[in-house]
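Q: Please take a close look at one part of this structure, the surroundings of a single buried acidic side chain, and then relate that part to the charged pairing, the polar contact and the nonpolar surface found elsewhere.

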Amino acid sequence: MATKLTPVVDGDARRVGPRRRMRVNVAAILFALPALVVFGYFAWGPIIRGLVMSWQRTNLIDPVTWVGWDNFSYVLQNPILGQAALNTLWFVTLSLLIGFPIPLLLAVLISELRGRQIFLVLAFLPVVVPPVVAILLWKVFYDPSPTGLFNQLLAFVGIGPLPWLNDSALALPSLVIESVWATAGNTVVIYVAAMTNIRTELYEAAELDGAGILRRAWTVTLPQMRGIILILILLQVIGVAQVFSEPYLFTGGGPNNATTTVLLLIYRYAFVNGDYGAASALSAMLAVVLGLLSLVYLRATRRWSED
């Protein structure tokens, strides 16, 4: 008569497994702890310090005075804040209207061309140029005299000369054009990389149906890249809302505060007036606004992104 053998499970082995995993987790945490401490100190330390300074009146030299919410009320009473917020909002709007479709169209065109690496390098070249050098170069291009580069180009079609940076209506759009030129290359590279993950069968089916390049981009490329497009739009809004270099180096906020942005106003509080408390208060307000905007945006587009 055959006996049925039952497997014997060592109870100690079952108990050792979780303990060993716990030891491994503790060892991993201890190994990463120095990097986490350094990252927390340099990343979150300034944020916490800025929040504390928003309730203080300090110029980093004289003794600190705690003022509570006075810095926030002082910043909100500044008559320039409203115009700076509108300028920032207008800068963001123009950047989306110009800076969203152009990189996408360039990426679609580059993906259809042979030797796309060469065109990717050409599209990415403006990103390599240092921002200060690019702005100073474009400042020469925006020379309002008839001998300025852009005015000479417009003269061929009977337009101009335009005052560009010296005109309140043209100054901010001029800054947006340079900003899009300088940053579009990053987005183009990301879009082209994302297009390589789209199944070729979808494009082949569209070609069999007689779809051209624009039709394929509308029916295949855009639907397959919805998630990436939504994230890049959000990152673009957050980045452009903190624009500083262009207004500071191009116009200094002029003419007549037509290009004064929120971040430029923060700079004036801190490094012109020496009021770091007010600068920190306005920085905290900007961070809260951008955080709430991000939450609303992600919630509003979650279903569309998942579908």
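A: Helices (H or I, at least four residues) and strands (E, at least two) are DSSP runs, numbered from the N terminus, and in these terms glutamate 178 is found in helix α8 (residues 168-195). The model is predicted, so local features need pLDDT of at least 70 and side-chain atom pairs count only at pLDDT 80 or more, while totals for chains, interfaces and linings use all residues. Residues are numbered from 1 along each chain as its sequence is written, and side-chain values use heavy atoms, with hydrogens and water left out.

Glutamate 178 is buried, a term that stands for under 20% relative accessible area, with exposed meaning over 50% and partly exposed in between (1.4 Å probe, protein chains only). Glutamate 178 nevertheless has no salt bridge, that is, no side-chain nitrogen of Lys or Arg within 4 Å of a carboxyl oxygen of Asp or Glu. The nearest side chain of opposite charge, lysine 139, is 12 Å away, where Lys and Arg count as positive and Asp and Glu as negative, and His and the chain ends are not counted. Not counting residues up to four places away in sequence, glutamate 178 touches Ala134, Ile135, Trp138, Tyr142, Glu246 and Phe250, contact meaning heavy atoms within 4.5 Å.

Glu246 also appears among the contacts of threonine 251, which, leaving aside neighbours within four places in sequence, include Leu165, Leu175 and Thr259 as well. Threonine 251 lies in helix α12 (residues 245-251), and its C-alpha is 8.1 Å from that of alanine 171, although the two are 80 residues apart in sequence.

A search of the whole structure finds one salt bridge, in which the side chains of arginine 216 and glutamate 112 meet at 3.0 Å, N to O. Because arginine 216 lies in helix α10 (residues 213-224) and glutamate 112 in helix α4 (residues 101-112), the pair ties together parts that are 104 residues apart in sequence. Arginine 216 counts as buried at 9% relative accessibility, whereas glutamate 112 is partly exposed, with a relative accessible area of 38%.

Turning to the polar contact, the side chain of threonine 251 makes one with the side chain of threonine 259 at 2.5 Å; the term denotes a pair of N or O atoms within 3.5 Å, where within protein one must be able to donate a hydrogen and the other to accept it, and residues adjacent in sequence count only if both atoms are side-chain atoms.

On the nonpolar surface, tryptophan 66 has its place in strand β2 (residues 65-66) and counts as exposed at 58% relative accessibility.
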